[in-house]
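Work through the exercises below with the sequence and the 3D structure at hand. Each task is followed by a solution in steps.

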Amino acid sequence: MSGEEDAFVYDEASGEWISAAEAAAKAGAEGAVEVRDAVGNLLADGDQVTLIKDLTVKGAGQTLKRGTLIKSIRLTGDRQEIDCKYEGIKGLVLRAEFVKKR
């Protein structure tokens with residue numbers, strides 16, 4: 001008998017004792033944040049998105065036009081913000097409600 005097979009932890013949400021492996025899987029699933037675009041499509045790291053409206057970028061002195069393609073997005077852990085790279089703009093963060101998955 002190994003210690004891992006017999007390990008149980010108390011799950012406060014359900015009020016039951018569950019195996020350690022099941023608890024680890026449950027904790028991993030809770031840490032994942034679902035980010036959805038303006039239409040409801042699920043976004044993931046590396047996706048390409050297009051803007052659905054003109055956006056004025058504060059501090060950059062330029063406007064990103066509707067239909068602009070943003071390549072290789074990264075999720076930030078916030079369900080409404082995505083981190084992007086765009087030519088000439090450093091540290092661009094867009095709200096998911098203004099993009100559509102391509």
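Two strands pair if DSSP finds at least two bridges between them. Helices (H or I, at least four residues) and strands (E, at least two) are DSSP runs, numbered from the N terminus. The model is predicted, so local features need pLDDT of at least 70 and side-chain atom pairs count only at pLDDT 80 or more, while totals for chains, interfaces and linings use all residues. Residues are numbered from 1 along each chain as its sequence is written, and side-chain values use heavy atoms, with hydrogens and water left out.

**Exercise 1.** Find the order of the strands in the open sheet that contains strand 10, and state which strands are at its edges.

Solution.
- Step 1. The order is 9-10-11 in an open sheet of three strands, and the pairing is antiparallel.
- Step 2. Strand 9 (74-75) and strand 11 are the edge strands, since each pairs on one side only.
- Step 3. Two bridges connect strand 9 to strand 10 (residues 81-86), and R74 is opposite D83 of strand 10. Five residues lie between the strands of this hairpin, where G77 has a positive phi near 100 degrees.
- Step 4. Strand 10 and strand 11 are joined by five bridges; C84 has L92 of strand 11 as its bridge partner. This hairpin has two residues between the strands, and G88 takes a positive phi near 85 degrees.

**Exercise 2.** Describe the open sheet that contains strand 5 and explain why its edge strands each have a side without a neighbour.

Solution.
- Step 1. The sheet has three strands in the order 8-5-12, paired antiparallel.
- Step 2. Strand 8 (69-70) and strand 12 (99-101) are at the edges with a single partner strand each, so one side of each has no neighbour in the sheet.
- Step 3. Strand 5 (residues 49-51) is joined to strand 8 by two bridges, and T50 has L69 of strand 8 as its bridge partner.

**Exercise 3.** Count the salt bridges and say what the pair of D47 and K101 ties together.

Solution.
- Step 1. The rule asks for a side-chain nitrogen of Lys or Arg within 4 Å of a carboxyl oxygen of Asp or Glu.
- Step 2. By this rule there are four salt bridges. One of them joins the side chains of D47 and K101, at 3.6 Å from N to O.
- Step 3. D47 is in the loop between strand 4 (42-43) and strand 5, and K101 is in strand 12, so the pair ties together parts 54 residues apart in sequence.

**Exercise 4.** Trace the hairpin of strand 1 and strand 2.

Solution.
- Step 1. Strand 1 (residues 8-11) contains F8.
- Step 2. Strand 1 pairs with strand 2 (residues 16-19) in the antiparallel sense, over four bridges.
- Step 3. F8 is opposite S19, and D11 has E16 as its bridge partner.
- Step 4. Four residues lie between the strands, and G15 in the turn has a positive phi of about 75 degrees.

**Exercise 5.** Describe the lining of the largest pocket.

Solution.
- Step 1. On a 1 Å grid over the protein atoms alone, a pocket is an open set of points where a 1.4 Å probe fits, with protein on both sides within 12 Å along at least five of seven lines; lining residues have an atom within 4 Å of a point.
- Step 2. The lining has 13 residues, and T56, V57, L92, V93 and L94 lie nearest the centre.
- Step 3. Strand 6 (55-57) and strand 11 (89-95) each supply at least two lining residues. Strand 11 gives the most, with seven.
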